[in-house]
Amino acid sequence: MTLLPVEDLSFTVVVLAFLAAAGVIAFAGTALTRRADVFADRSGIGEALVGAILLGGMTSLAGVVTTLTAAAHDHPTLAVGNAIGGIAVQTLFLAVADLAYRPANLEHAAASIGNLFNAGLLLALLVLLLAVVATPAVTLAGAHPGSYLVFVAYGCGIAAARKARADPMWLPTRTAETVSDEPDDSSGGESMTRIVLSLTGLGLAVAAAGWTVSITGAEISRRTALGDSFVGSLFMAIATSLPELVVSVQAVRRGALTLAVANIVGGNSFEVLVVAGADFVYRDGSLLHSSSTEQGFVIALTALLMSVLLLGLLSRQREGPGGIGWEGWLIAALFLAGYTILFFMSGAPLG
């Protein structure tokens, strides 16, 4: 069963629709970068929080629609795979964004208490998901009790992050390569109302494209026999994560380094929230317990990638081979190794 009746379309049309939707996501993500940067400067909230909550949420809309749609149409593995796989893909995208910034390693230049706090929060939420997988498949009002706890943990974490930014107990050592989050209003006097409306419109465009990705991605999974686990955790995750890639690269080019890192890490925390939300949409018990056993491996792999990123943010290597720090290379190596293992775990055909 596909998410919508697209089985009568040719495989070529399905693939083209998938690619077209991914293109819309990438285009809207570029515009979102400019709008969010201006909003962060004009509102005074700061790039770390705007990137983690507003921009992270906006760029995650495609993944949100895909995950919720898959869960509602009885594709639990596709739903979990897209959300958690998206976190792994987006973490890898930070290494790509690092290539766009030549003065120093991105994790060194974008050092901030906000990004460290967001990374720690994401790691805690991923471990919480692993704990849910290990518990009995019980439900409370249609969802696992752990799903309720994810929302509580996320809310407390965001509140604590805001407090830490307002009254930091320590600050990263400033170097010649450190780029601080300093307001630089380039809106030309544009009203806040117009800025907010444009952000909303771009978010709706991303959501519509995400709906298309969810439909065509499930159909590609069905026809290729690659399996929901592999397609959801890789192909659909890449397509719905394109906004994060585009936004982060554009933010780096604008010099908004804190925004670039916060968009990835903050958006990833939002993806965990989406998994919990999808549990309420899925009506056949606990979502995580209904998905394939491979998803536990994907969650563990993603937590490992985030641990490496957090260590990189703490160690702050100035530069490395190819202009990327050691954490970027290790994340790429672990990602490739992990998805090679997942390919064989999913029973994907070799030819």
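**Note on an all-helix predicted model**

1. Cavities. Two cavities of 30 Å³ or more turn up when the whole structure is searched. The model is a predicted one. About 60 Å³ is the volume of the largest cavity. Its lining is made up of Leu-129, Val-132, His-144, Ser-147, Val-150, Val-275, Ala-276, Asp-279, Ser-286, Leu-287 and Leu-288. Four elements give two or more residues each to that lining: α6 (113-134), α7 (145-166), α11 and α12 (287-290). Of these, α11 supplies the largest share, with three residues.

2. Overall make-up. The chain contains 14 helices and zero strands. In sequence order the pattern is therefore α-α-α-α-α-α-α-α-α-α-α-α-α-α, with helices taken as DSSP runs of at least four residues. The chain has 351 residues, and 56% of them count as buried. Taking contacts between residues at least 6 apart in sequence, 84% link residues at least 24 apart. The exposed area of the chain is about 13600 Å², of which 68% is supplied by carbon and sulfur atoms.

3. Helix α11. This helix covers residues 257-281, 25 residues in total. From first C-alpha to last, α11 reaches 36 Å, close to the 36 Å expected at 1.5 Å a residue. There is nevertheless a bend of about 25 degrees in α11 at Asn-263. Because 22 of its 25 residues are buried, α11 is largely enclosed by the rest of the structure.

4. Helix α4. Residues 76-99 form α4. The helix has 24 residues and a reach of 35 Å between its first and last C-alpha, close to the expected 34 Å. As 22 of the 24 residues are buried, α4 is largely enclosed by the rest of the structure. Thr-91 is part of α4 and is buried, since its relative accessibility is 1% and the cut-off for buried is under 20%. Leaving aside neighbours within four places in sequence, the contacts of Thr-91 are Ile-264, Asn-268, Leu-305, Met-306, Leu-309 and Ile-331.

5. Ser-248. What surrounds Ser-248 once its neighbours within four places in sequence are left aside? The residues in contact with Ser-248 are Ala-97, Ala-260, Asn-263 and Ile-264. Asn-263 is also the site of the bend in α11, and Ile-264 also appears among the contacts of Thr-91. Ser-248 belongs to helix α10 (residues 242-253) and has a relative accessible area of 1%, so it is buried. Its C-alpha is 9.1 Å from that of Val-96, although the two residues are 152 apart in sequence.

6. Val-308. Helix α13 (residues 294-315) holds Val-308. The relative accessible area of Val-308 is 7%, so this residue is buried. With neighbours within four places in sequence set aside, Val-308 is in contact with Trp-326, Glu-327, Leu-330, Ile-331 and Leu-334. Ile-331 is listed for Thr-91 as well. For Val-308 and Trp-326, the sequence separation is 18 residues and the C-alpha to C-alpha distance is 9.3 Å.

7. Ile-113. Is Ile-113 buried or exposed? Ile-113 is buried, because its 16% relative accessibility falls under the 20% cut-off. Ile-113 sits in α6, one of the helices that line the largest cavity. Apart from neighbours within four places in sequence, Ile-113 is in contact with Ala-164, Arg-165 and Trp-170. Ile-113 and Trp-170 are 57 residues apart along the chain, with 7.9 Å between their C-alpha atoms.

8. Positive phi at Asp-74. Asp-74 is not a glycine, yet its phi is positive at about 65 degrees. The residue is in the loop between α3 (61-72) and α4. Asp-74 counts as partly exposed, because its relative accessibility of 45% lies between the 20% and 50% limits.

9. Positive phi at Ala-141. Ala-141, again a residue other than glycine, has a positive phi near 60 degrees. Ala-141 is placed in the loop between α6 and α7, two helices that contribute to the lining of the largest cavity. At a relative accessible area of 64%, Ala-141 is exposed, since the limit for that class is over 50%.

How values were computed: Residues numbered from 1 in each chain as written. Predicted model: local features only at pLDDT ≥ 70, side-chain atom pairs only at ≥ 80, totals over all residues. Heavy atoms only, no water. Buried < 20%, exposed > 50% of the residue type's maximum accessible area, 1.4 Å probe, protein only. Contact = heavy atoms within 4.5 Å. Areas by Shrake-Rupley, 256 points an atom, 1.4 Å probe, with all protein chains shown as cover. Expected span 1.5 Å × (residues − 1). Bend = angle between axes of the 7 residues up to and from the residue. 1 Å grid on protein atoms, 1.4 Å probe; cavity = no way out; pocket = protein on both sides within 12 Å on 5 of 7 lines; lining within 4 Å. Points joined across faces, edges and corners; volume = space filled by probe spheres on them.
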